[in-house]
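Q: Could you take a close look at one part of this protein for me? I'd like to know how it sits in the rest of the fold.

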Amino acid sequence: MEISGVISAIIIGIVIGVLGRLVVPGRQRIGVLWTILIGIVAAFIGTGIASGLGVADTKGVDWVEWLIQIALAALGVVAVSKIKLRS
């Protein structure tokens with residue numbers, strides 16, 4: 001992966017993290033950096049899953065890939081929020 005691809009993944013990850021956090025109802029007790037990190041990880045994993053399903057590269061917007069990434073980010077936000085709530 002080239003540096004432009006990594007930078008793109010980070011930017012997309014930030015967007016995915018914010019969208020994932022917006023999907024989760026209620027208040028999350030995690031910071032912005034956690035949200036960004038979760039989004040980046042969800043973007044990478046979601047792209048891998050979408051590639052495995054054969055929906056990563058389509059003509060136009062890859063809606064299925066975005067939905068997978070946002071769902072993973074929402075799950076990550078919930079998980080980290082619960083872990084932070086316990087500590």
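Here is the part I have in mind, followed by a walk through it.

What covers the buried residues of helix H2, and which residues of H2 are buried?

A: Keep in mind that this is a predicted model. Let's start with the setting and then zoom in on H2.

The protein has three helices and zero strands, so from the N terminus the order is simply α-α-α. For 87 residues, a compact globule would come out near 12 Å in radius of gyration, and the 13 Å of this protein agrees with that. The C-alpha trace spans about 40 × 25 × 20 Å along its principal axes. Of the 87 residues, 32% count as buried. As for how the chain meets itself, take the contacts with a separation of 6 or more: 63% of them join residues 24 or more positions apart.

Now to H2 itself. This helix covers residues 32-53, which makes 22 residues. From first C-alpha to last it reaches 31 Å, close to the 32 Å you'd expect at 1.5 Å a residue. Right after H2 comes Gly54, with a positive phi near 80 degrees.

Which side chains are tucked away? The buried set in H2 is Thr35, Ile38, Gly39, Ile40, Ala42, Ala43, Gly46 and Ala50. Their cover includes helix H1 (3-23) and helix H3 (63-86).

Ala42 is a good place to see this up close. This alanine belongs to H2 and has a relative accessible area of 4%, so it falls under the 20% cut-off and counts as buried. Setting aside neighbours within four places in sequence, Ala42 is in contact with Ile16, Gln69, Leu72 and Ala73. Of these partners, Gln69 and Ala73 are themselves among the buried residues of H3. If you want a distance along the chain for scale, Ala42 and Gly52 are ten residues apart in sequence and 15 Å apart in space, C-alpha to C-alpha.

Thr35, another buried residue of H2, brings in Arg21. That arginine lies in H1 and is partly exposed, at 22% relative accessible area. Beyond its neighbours within four places, Arg21 is in contact with Gln28, Ile30, Gly31, Val32, Thr35 and Val77. Val77 is one of the buried residues of H3. Arg21 and Leu33 sit twelve residues apart along the chain, with 12 Å between their C-alpha atoms.

That leaves H3, one of the helices covering H2. H3 has 24 residues and reaches 35 Å from its first C-alpha to its last, close to the 34 Å expected at 1.5 Å a residue. Its buried residues are Glu65, Ile68, Gln69, Ile70, Ala73, Ala74, Gly76, Val77, Val80 and Ser81. The covering goes the other way too: what covers the buried residues of H3 includes H1 and H2.

For contrast, look at Lys82, also in H3. At 52% relative accessible area, Lys82 is exposed. Its C-alpha is 9.4 Å from that of Ile30, though the two are 52 residues apart in sequence.

Finally, the outside. The accessible surface of the protein comes to about 5800 Å², with 72% of that belonging to carbon and sulfur atoms. There are 7 positive and 4 negative charges, and their mean positions are 27 Å apart.

Definitions and conventions. Residues numbered from 1 in each chain as written. Predicted model: local features only at pLDDT ≥ 70, side-chain atom pairs only at ≥ 80, totals over all residues. Heavy atoms only, no water. Helix = DSSP H or I, 4+ residues; strand = E, 2+ residues; numbered from the N terminus. Rg over C-alpha atoms; globule rule 2.2 N^0.38 Å. Buried < 20%, exposed > 50% of the residue type's maximum accessible area, 1.4 Å probe, protein only. Contact = heavy atoms within 4.5 Å. Areas by Shrake-Rupley, 256 points an atom, 1.4 Å probe, with all protein chains shown as cover. Lys, Arg positive; Asp, Glu negative; His and termini not counted. Charge placed at Lys NZ, Arg CZ, Asp CG, Glu CD. Expected span 1.5 Å × (residues − 1).
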